[in-house]
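Let's walk through this protein together, starting from the inside and working outward. Keep the sequence and the 3D view side by side as you read.

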Amino acid sequence: MKNLLVFGANGYIGLECLKTLKADVKIAVDVNTNKLDKLKNSNIKKIKIDMTNIDQYDKILDFLEINQIKIDNMIFCQGINYMKNFFDSTTETFNNTINTNLTSVYMALKVLYPYLNSTSSIVVLASQNGVVGHEDRIDYGSSKAALIHLVKNLSLDFAKYSSKDIKINAISPTYVSNESNKNFFNGLKGQKMIKNIPYNSILQIEDVVNGIQFLLSDNSKSMRGQNLILDYGYTIK
């Protein structure tokens with residue numbers, strides 16, 4: 001069995017990863033833990049930090065050091081989406097999106113690289129908005145596009161300079177149904193968005209987790225620096 005670290009663990013996808021994926025020890029990291037606190041699984045270690053603040057990573061490092069844990073699998077699910085366009089976005093919201101969705105991944109990997117096992121798998125949650133354009137996503141789409149490219153560059157750097165076998169890939173979902181948006185997608189505006197998808201379907205959370213599980217597993221051992229798109233054809237138009 002392997003150890004798993006999930007960033008953005010308090011979100012819908014992060015929570016489902018913790019519930020579904022098997023691991024000896026599961027480390028759940030997020031700036032909020034209100035949903036995590038409802039989980040009763042005793043092998044989940046909850047750590048509350050702001051991923052954009054490098055000074056707070058000591059909480060993770062202390063836990064890894066004390067318990068002599070190496071990380072086998074790591075998932076980055078954190079992210080924010082202000083749904084802004086160029087005209088109503090601000091420098092503050094843009095920078096906050098970039099810092100949360102992109103820079104925090106780079107920062108976390110810089111800090112935690114020594115604690116990755118000799119063979120490890122990393123999955124980064126990107127988005128269809130990082131592949132094709134979308135209105136009202138000026139900051140979010142830019143952050144996800146950069147995230148996809150960061151994964152490519154990291155994969156090449158790991159191959160050339162690392163003594164470890166680190167597999168890193170991104171996964172880009174289309175719209176994902178959850179408790180907070182079900183009413184929206186049942187409404188007129190949501191149905192209009194779904195009609196832009198060739199197969200007129202959106203994802204369930206388990207669809208995304210199944211993709212993450214595949215990328216973490218040995219079944220995808222030859223996939224390096226890739227972006228797995230789950231979108232019912234949205235990005236092929």
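A nonpolar core is a set of buried Ala, Val, Leu, Ile, Met, Phe, Trp, Tyr and Cys residues joined through side-chain atoms within 4.5 Å. Buried, in turn, means under 20% relative accessible area. The model here is a predicted one, and its largest nonpolar core has 38 residues. Phe7, Ile60, Met74 and Phe76 are the members with the most contacts inside that core.

Where do the residues of this core come from? At least two residues each are supplied by the strands β1 (4–7), β2 (26–30), β4 (71–76), β5 (116–125) and β6 (165–173), and by the helices α2 (58–66), α3 (91–112) and α4 (138–161). Helix α3 gives the largest share, 8 residues.

Phe7 is a good place to zoom in. Leaving aside residues up to four places away in sequence, Phe7 touches Val29, Met51, Tyr57, Ile60, Met74, Ile75, Phe76, Cys77, Gln78, Ala108 and Leu112. A second core, separate from the one just described, has 27 residues, among them Leu18, Ile44, Val176 and Leu216.

Leu18 also brings us to helix α1, which covers residues 12–20 and has Ile13, Gly14, Leu15, Cys17 and Leu18 as its buried residues. What do these buried residues pack against? Their partners are the strands β1, β2, β3 (44–48), β4 and β5, together with helix α7 (205–216).

Now step back to the whole protein, which has 7 helices and 9 strands. Its radius of gyration is 17 Å, close to the 18 Å that the globule rule gives for 237 residues, so the protein is as compact as a globular protein of that length. The C-alpha trace spans about 50 × 40 × 40 Å along its principal axes. Of the 237 residues, 51% are buried. If you take contacts between residues at least 6 apart in sequence, 67% of them join residues at least 24 apart.

On the outside, the protein exposes about 12,200 Å², and carbon and sulfur atoms supply 50% of this area. There are 27 positive and 22 negative charges, and the mean positions of the two sets are 4 Å apart.

Finally, have a look at two loops. Most residues other than glycine have a negative phi. Gln68, in the loop between α2 and β4, has a positive phi near 50°. Asp136, in the loop between β5 and α4, has a positive phi near 60°. Are these residues buried or exposed? Gln68 is exposed, at 65% relative accessible area, while Asp136 is partly exposed, at 29%.

Conventions: Residues numbered from 1 in each chain as written. Predicted model: local features only at pLDDT ≥ 70, side-chain atom pairs only at ≥ 80, totals over all residues. Heavy atoms only, no water. Helix = DSSP H or I, 4+ residues; strand = E, 2+ residues; numbered from the N terminus. Rg over C-alpha atoms; globule rule 2.2 N^0.38 Å. Buried < 20%, exposed > 50% of the residue type's maximum accessible area, 1.4 Å probe, protein only. Contact = heavy atoms within 4.5 Å. Areas by Shrake-Rupley, 256 points an atom, 1.4 Å probe, with all protein chains shown as cover. Lys, Arg positive; Asp, Glu negative; His and termini not counted. Charge placed at Lys NZ, Arg CZ, Asp CG, Glu CD.
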